[in-house]
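Me: Please go through this model with me, one question at a time. Give the reasoning before each result.

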Protein chains: 2
Amino acid sequence: MDVDIGNALASVASPGVSREGLERLDERVAVAHERIERGMENREHGYEALNLPNRTEPDEIRTAVEPVAGPDTETLLTIGIGGSALGAATITNALADEGDTEAIYLDNVDPEWVSSHLEGASLEHTAINVVSRSGTTAETLANFLVVRDAFESAGVDWTERTIVTTGESGPLRDLSDRHDLPALTVPDGVPGRFSALSAVGMVAAAVCGHDPEALLEGAAAEADSLSGSLFECPAYAYGATSYALDARGAGTNAMIPYAESLETYAEWFAQLWAESLGKDELGQTPVRALGVTDQHSQLQLYRAGPRDKLVTFVKPRTGPDRPIPETDVDDLAYLGDSTLGELLEAEFEATEASLAAAGRPNVRVELECVDEYELGGLLYGMEAACVLAGELYGVETFTQPAVEWAKKATRGLLGGGEFDEADAVTEKTELRVER
Amino acid sequence: MDVDIGNALASVASPGVSREGLERLDERVAVAHERIERGMENREHGYEALNLPNRTEPDEIRTAVEPVAGPDTETLLTIGIGGSALGAATITNALADEGDTEAIYLDNVDPEWVSSHLEGASLEHTAINVVSRSGTTAETLANFLVVRDAFESAGVDWTERTIVTTGESGPLRDLSDRHDLPALTVPDGVPGRFSALSAVGMVAAAVCGHDPEALLEGAAAEADSLSGSLFECPAYAYGATSYALDARGAGTNAMIPYAESLETYAEWFAQLWAESLGKDELGQTPVRALGVTDQHSQLQLYRAGPRDKLVTFVKPRTGPDRPIPETDVDDLAYLGDSTLGELLEAEFEATEASLAAAGRPNVRVELECVDEYELGGLLYGMEAACVLAGELYGVETFTQPAVEWAKKATRGLLGGGEFDEADAVTEKTELRVER
């Protein structure tokens, strides 16, 4: 990925970072980069994620998926939540125009919605991809039990059509051993939200006909660009600028891809940013948006609301196009000379410039196009940006302690053990207003 | 809708509003309510939207859609953007389990994505619903020209399968006159983001087999509950609490429905809130999320990040359910005694309590279920909440001046006239970092 931070400079925007401010920050980037390199070399928890482009073995993944890969599998049902779903979904949704296998993600336990994916489904042409490091994630295991039962009711042998990605031990590992299922390992030291470039993201990619090698090559090229200066490394330029803008008042980071295919990428980014940096009362709030659609929804706020936002555009330079047919309606004739792609490009440039004209900071992240190679670079680049930002904030980038409370309370409420958290649920303060 | 603001009280959360603070604010609510009532009576711009439950004529809509309503129409292709799409999409996506007609929204001009909706589509079983008040919205008209051309290429008479919703005059009105198309009117005085309960939202609802009368009845019941006190009116309780929390530091409002069917509702809310209140450097930033999915993505930030967020839950009290099959795996046995609905409920209660336990403000909006009547109430209630908040902020709730700059620049870039804004685009400040 290439990054243009010109519109985040203090000469353009408020809040903005001065050129001198960036140069001072670059000294801290050099120190942080040394810490990151050391973490990678020592394969420390979290930092190990940045080694994935060179450690993930595509052959192992291709072998594991071989029983269900191919045109006979019309649907790949991935059962996972959070980091066990979003990386894979980012890849398969970005590349959905290729391949014949549709990817569906069961990442919620809404009963009506789960049922809608099973009723009328052609299960003999469906493969199951179940992903949970612990093998105990309540939502994932509940959905897996439901799906397995649906296969049994339909007389389809689920053991012939299931791939497991999990940790070295746990209920899912036991299950895959018992039924001799193809099983891949969530690598040690790689938190879920940093696992897109491991088996966690690659199984879905491979089953859906995408090229794991090209994804990893793109990521590796981004890894090669890591260096001790934000002025020489796009990933660090992005991470450092986001941090600098947050420190200057831009507590919100609105991520706006200008490609429908990258809509899920914005969700993936939102998890990466929120769960990694949102601690100790620090961390930018990620907001997911989509160009051009959200120009008609969020732009008013971004341009004229509080000066607390950094807007990040992700823009492929090239892509398929489609001409706009000519029309005899005077007021619309100008459209007929152009294409949808030109309209999209003009809207992007206009929106970027309209924010700059109002002194609102924004950053442009450019991809050559949306393919495996560029996508691998984008995912790796944003992960490295996030790790750098974590170093600058001084937070524990690779943990997520604040989600444990609700997990225990849920388990207690469902009778899965005694937890004080469950008792606290019943003590809610009410002030009800009913009609 | 019912509202519980107990977890937004200062006794629970920080930021939070004290009971005394709410009582003082209630004096301003009484004054604002008088202003709103006067605006409704005089049918003033914007306030007129709150009259829609009693002014929209379902019979007129049923007559207009009659040529394309029914099982022969497999797909309804709505071409619109922003307020011309989100209200309709909220309704048809919330109720998608009913009816046989699938609703698709062309609310972006991404060429690959637009083509994906036309290639292989069975156009003789597709109806077109084109929506633009001005009849000149670039994205909508470009897509309409593309879709019309695709129908002509396929030898399908688009004039037999198109419904137009537009203003009293303009290119779309001329077109509907020339081809004698069924045409409905975007009512005067109703901004797009407040138009869900007019023809703008009701055409899609009616074509897809939902009940416009029940939507309007639910909205009318909510309208009847408007009163001069936030303690007696759920809509005002929500609007006033959001305003009070923003004034106390919660500049972000995370909207989290606990139902997949309400995912689009969160997008609709985000437009309503952002475009209405985001001006004069004021306005809460809406963030769209989804329960339980985003517990594994955003909860860490909401519970342990900056104290700048109000979390709003929307929770149906009842809905379809599905048992979780029993399992012999010890660590998962507790799941087998319950249902997906119970798991969803426990996760919701646990998440709500986990935020309260960390002193993070949150509000619960309850619906009885997700049906036309309850949905009409929710849409109307949030619109009234937004209008009240606008009065409290003192902003021009019903305009969106900041989006004009980019529209002019886009038009200029495409050769649709001379605009200074287009020249500004070329003057971008660059600071590029490439790998």
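**Salt bridges and symmetry**

Reply: In this predicted model, A:Lys407 and A:Glu404 sit three residues apart in helix H16 (residues 404–413) of chain A, so about one helical turn separates them.

Me: How far apart are the closest N and O atoms of A:Lys407 and A:Glu404?

Reply: A:Lys407 is partly exposed, with a relative accessible area of 43%. A:Glu404 is partly exposed too, at 36%. The two form a salt bridge, for which the limit is 4 Å, and their closest N and O atoms are 3.9 Å apart.

Me: Is B:Glu48 buried or exposed?

Reply: B:Glu48 forms a salt bridge with B:Arg55, with closest N and O atoms 3.4 Å apart. B:Arg55 counts as partly exposed, at 39% relative accessibility. Buried means under 20% relative accessible area; B:Glu48 has 5%, and is therefore buried.

Me: How many residues apart are B:Glu275 and B:Arg193?

Reply: The side chains of B:Glu275 and B:Arg193 meet in a salt bridge at 3.3 Å, N to O. The pair links distant parts of the chain: B:Glu275 lies in helix H11 (residues 263–277) of chain B, and B:Arg193 in the loop between strand S6 (183–185) and helix H8 (199–207). Both residues are buried. In sequence they are 82 residues apart.

Me: Which axis relates chain A to chain B?

Reply: A turn of 180 degrees and a shift of 0.0 Å along the axis lay chain A on chain B with an RMSD of 0.0 Å. That is the relation of a two-fold axis.

Technical notes. Residues numbered from 1 in each chain as written. Chains lettered and ligands numbered in written order. Predicted model: local features only at pLDDT ≥ 70, side-chain atom pairs only at ≥ 80, totals over all residues. Heavy atoms only, no water. Least-squares fit on C-alpha atoms with pLDDT ≥ 70 in both. Helix = DSSP H or I, 4+ residues; strand = E, 2+ residues; numbered from the N terminus. Buried < 20%, exposed > 50% of the residue type's maximum accessible area, 1.4 Å probe, protein only.
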